[in-house]
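Let's learn to read a fold by asking about one feature at a time. Have a look first.

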Amino acid sequence: MSRILSCFAELKQSQRTALIPFITAGDFEPALTVPLMHALVESGADVIELGIPFSDPMADGPVIQKAAERALKHNVSLRDVLQMVAEFRQRDALTPVLLMGYLNPVEVMGYEAFAVEASEAGVDGVLIVDLPPEEGGEILPLLYAHQIDPVFLIAPTSDASRIQKICDASRGYVYYVSLKGITGAGHLDLDSVAQKVSKIREITQLPIGVGFGIKDAATAEAMGKLADAVIVGSAIVQRIAQHQGDAEAAIRAVSSFVSELRAGLDRF
Amino acid sequence: MAIEIPTNWHEMPDQRGHFGPYGGIFVSETLMGALSELNLAYEHYMQDETFLGELDADLANYVGRPSPLYHAERWSRELGGAQIYLKREDLNHTGAHKVNNTIGQALLAKRMDKSRIIAETGAGQHGVATATVAARLGLECVVYMGEVDIARQEANVYRMRLLGAEVVAVTSGSRTLKDALNEAMRDWVTNVDDTFYIIGTVAGPHPYPAMVRDFQTIIGREARRQIVEMTGGLPDALIACVGGGSNAIGLFHPFLNDNDVAIYGVEAAGDGLDTGRHAAPLCAGSPGVLHGNRTYLMEDENGQIIETHSISAGLDYPGVGPEHAWLKDTQRANYVAITDDEALLAFHALTRIEGIIPALESSHALAYAMKLAPQMQPEQKLLVNLSGRGDKDMHTVAAREGIKL
């Protein structure tokens, strides 16, 4: 069983909701990433989403866009990101790591090289924001073959037939985008999220993660009641930005925030 | 990958917007529904006689079509080779070919009950053309424009504001056209229910490359008829500048099945292809995925998009329409590049010899005509798309020459 699936199976047994923090690899400096990943796990993260920096992050709001810009100042490449995962794996063999990013860096590296090297580095899954399942004909078989779980987004605008198509292509979990818009934006409408999540449950057995717009323990708690996992990105990245230049302070601030989120999730 | 040469060049793209390996739909899930809704509307209305009648009437009475085909006799004589014919898109309402497309898309937006229009713009011509049709149809209009472009195209910014559009300065990334496109995509993903995104070029996710092309082929359809009427035959070669490539595909497409007509797309070589400071993805880039489609890009070895440079804001874009990528690989069209300096020479030549001030974008096509025409015979014909007029570029040209206006 993949690391992602066994992680969710275990959580289900203990009736807990997975906490999935997102950070951008190399933000605000490459040396921060691996220690920060360990700190995320120690503070209660179950899975880590690690962003691959990209020059044109069209689906991201200003917070994550700026994180990518900070990482790119250090020329953090996709291969550097894989190297970080390999380094993380030296001390953590259990926590699933999912890469999240845009297609072009993967395309330029080559699909097969990516699948092989990501698998060797200890990557468990990948979410490519601008790759709908329809365009996955070439890359998906390579990912499946190398035990990399492709995770796809489901949006408020996805109808039943699209949800079916997305779930068919997904492994590991599916990621429901809780609002129309970019990362870090807007206000959550819990009722509509609840409705959509139960629709998705009728279609798939896969765990459902919910993300976009979760900014504190209270929203995490509310979302945690509906979903199998909550994903928190901008609110964490914001804290890294606030402590630019001071790695220890950044790790402290993120750890304490993630612990709050964890407590929120474990409250019910 | 082996490239298949089609027998009918007009049968592209496929159902999901592929031109061979290029094109397609590479967007986040939130936009998939909107794109399929748009695709249905586009496919429906392009067969709808009432819609097409309304479009034709607007192109005739509002834009002033057909635009003339002009034989630049004096310039041809001076260059001492082929006869040069200029397709006068500069005489359209708003001063460039861009309005052919914005009229079409705005009529579509109206049919789809969208109350809000957004657009990205580089030189400002597409922004102006969008703000113009939005004003006429009473639609709310927001135009995203890079901060750098706002500084070099002040007059167009003012025009857009006069027309009632909100111009939003984009301060991320290189603060030019590509970043404006990113920002417009972010707006669309947030306001997808009531908003219609009018993309200004033949890039973006399907159906945009096909749809924008179809609205722009009026250029080539007219030009083909006009040159046959004027000269009794087809031209020997076509030339158009290529940023995203909408004026070029508009001219080229109706001639693609005419195998004897050579086709040249002219990219911006900026300071020179060997300097790295240019905007010529077809001549000096490599394939990748950006802004919803697979195409040639200006990118580094890690797949990051690199900054482009051109004196012409309208060509300052790191990607290009996917159909051009495919025409390049199939060798149906040739892609070449012209430097800032060469474009300026052509700008002055046409202004002084024919009394026509061309846009800096179009000056790239004219500069290539200056190279090609002398290698051809006087009985041969070169058809050049004069895609826009140069009024908007007065400040850029003057500043370059050390003159303060």
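Q: In chain A, what share of the contacts with a separation of 6 or more comes from residues 24 or more positions apart?
A: Contact means heavy atoms within 4.5 Å. Here residues 24 or more positions apart make up 73% of those contacts in chain A. Keep in mind that this is a predicted model, where local features need pLDDT of at least 70, side-chain atom pairs count only at pLDDT 80 or more, and totals for chains, interfaces and linings use all residues. Residues are numbered from 1 along each chain as its sequence is written, chains are lettered from A and ligands numbered from 1 in the order written, and side-chain values use heavy atoms, leaving out hydrogens and water.

Q: How does the radius of gyration of chain A read against a compact globule?
A: The radius is taken over C-alpha atoms, and the globule rule is 2.2 Å times the number of residues to the power 0.38. For 268 residues that gives a value near 18 Å, and chain A agrees with its 17 Å. The C-alpha trace spans about 45 × 40 × 35 Å along the principal axes of chain A.

Q: What percentage of chain A counts as buried?
A: Buried means under 20% relative accessible area, exposed over 50%, partly exposed in between (1.4 Å probe, protein chains only). In chain A, 61% of the 268 residues are buried.

Q: How many helices and strands does chain A have?
A: Both are DSSP runs numbered from the N terminus: helices are H or I with at least four residues, strands E with at least two. Chain A has 12 helices and nine strands.
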